[in-house]
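Reader: I am new to reading structures, and I would like to understand how the usual labels are justified. Could you take me through them one at a time?

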Amino acid sequence: MPSPEVDQLIAAFPDWRGDTLSRIRGLIVEALPDVIEEAKWKKPTNPLGVATWSLGGLICTGETYKDKVKLTFPKGSTIDDPTGLLAVGAGVRRAIDIREGETPDADAFRAVIRAAAALNTAPKS
């Protein structure tokens, strides 16, 4: 279900960044119709917070910067990513940086989203 808070985040960027975040949001919902969408980590320097998508645990966050939209996956290093979308990161986290004019492959992105969600429900070893 769309979050009004994430609607506000998207509306706050009436340029390519808002369009990109909206497009990514659509791909996430296509991949996981039951995903929970929220804005978290609100603070004076970021009053609208950070867009998050969860299902059984956090899948990814979406943040806008001057030159990119960054999607961070907290368990990114363990996600099956055969096309190499999760190219940015250190430690366990991995991210996808989308710059103006770029569009990640929709099928590959939905596959990464599904793989990230699957990690949240996988039996712990």
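Author: Let us begin at the start of helix 1, where a side-chain oxygen of serine 3 reaches to within 3.1 Å of the backbone nitrogen of glutamate 5. Please keep in mind throughout that this is a predicted model.

Reader: What makes the pair formed by serine 3 and glutamate 5 a polar contact?

Author: A polar contact is a pair of N or O atoms within 3.5 Å. Here the pair is an oxygen of serine 3 and a nitrogen of glutamate 5, within 3.1 Å, and therefore it falls inside that cut-off.

Reader: Which residues of helix 1 are buried, and how do you know on which side they lie?

Author: In helix 1, which covers residues 4-11, the buried ones are Val6, Leu9 and Ile10. They cover an arc of only 95° around the axis, and so they lie on the same side of helix 1. Pro4 and Ala11, on the other side of the helix, are exposed, a word that requires over 50% relative accessible area. The cover over the buried residues of helix 1 includes helix 2 (16-31), strand 1 and strand 2.

Reader: Why is strand 2 called largely enclosed?

Author: Buried means under 20% relative accessible area, and 5 of the 5 residues of strand 2, residues 50-54, are buried, so this strand is largely enclosed by the rest of the structure. Both of its faces are covered, with Val50, Thr52 and Ser54 buried on one side and Ala51 and Trp53 buried on the other.

Reader: How do you know that strand 2 is paired with strand 1 and with strand 3?

Author: Two strands pair if there are at least two bridges between them. Strand 1 (residues 36-40) is joined to strand 2 by 5 bridges, and strand 2 to strand 3 (residues 58-64) by 4 bridges, so both cases satisfy the rule. Strand 1 and strand 2 run antiparallel, with glutamate 37 opposite tryptophan 53. Strand 2 and strand 3 also run antiparallel, with serine 54 opposite leucine 58, and they form a hairpin with 3 residues between them, where glycine 56 in the turn has a positive phi of about 75°.

Reader: Which residues have the most contacts inside the largest nonpolar core?

Author: That core has 31 residues, and those with the most contacts inside it include Trp53, Ile28 and Ile59. Helix 3 gives the most to this core, with 7 residues. Tryptophan 53 touches, among others, Val6, Leu21 and Ile28.

Methods
Residues numbered from 1 in each chain as written. Predicted model: local features only at pLDDT ≥ 70, side-chain atom pairs only at ≥ 80, totals over all residues. Heavy atoms only, no water. Buried < 20%, exposed > 50% of the residue type's maximum accessible area, 1.4 Å probe, protein only. Helix = DSSP H or I, 4+ residues; strand = E, 2+ residues; numbered from the N terminus. Arc of directions from axis to C-beta. Contact = heavy atoms within 4.5 Å. Polar contact = N/O pair within 3.5 Å; in protein donor to acceptor, adjacent residues only side chain to side chain. Core = buried A, V, L, I, M, F, W, Y, C linked by side-chain atoms within 4.5 Å. Lists of a residue's contacts leave out its neighbours within four places in sequence.
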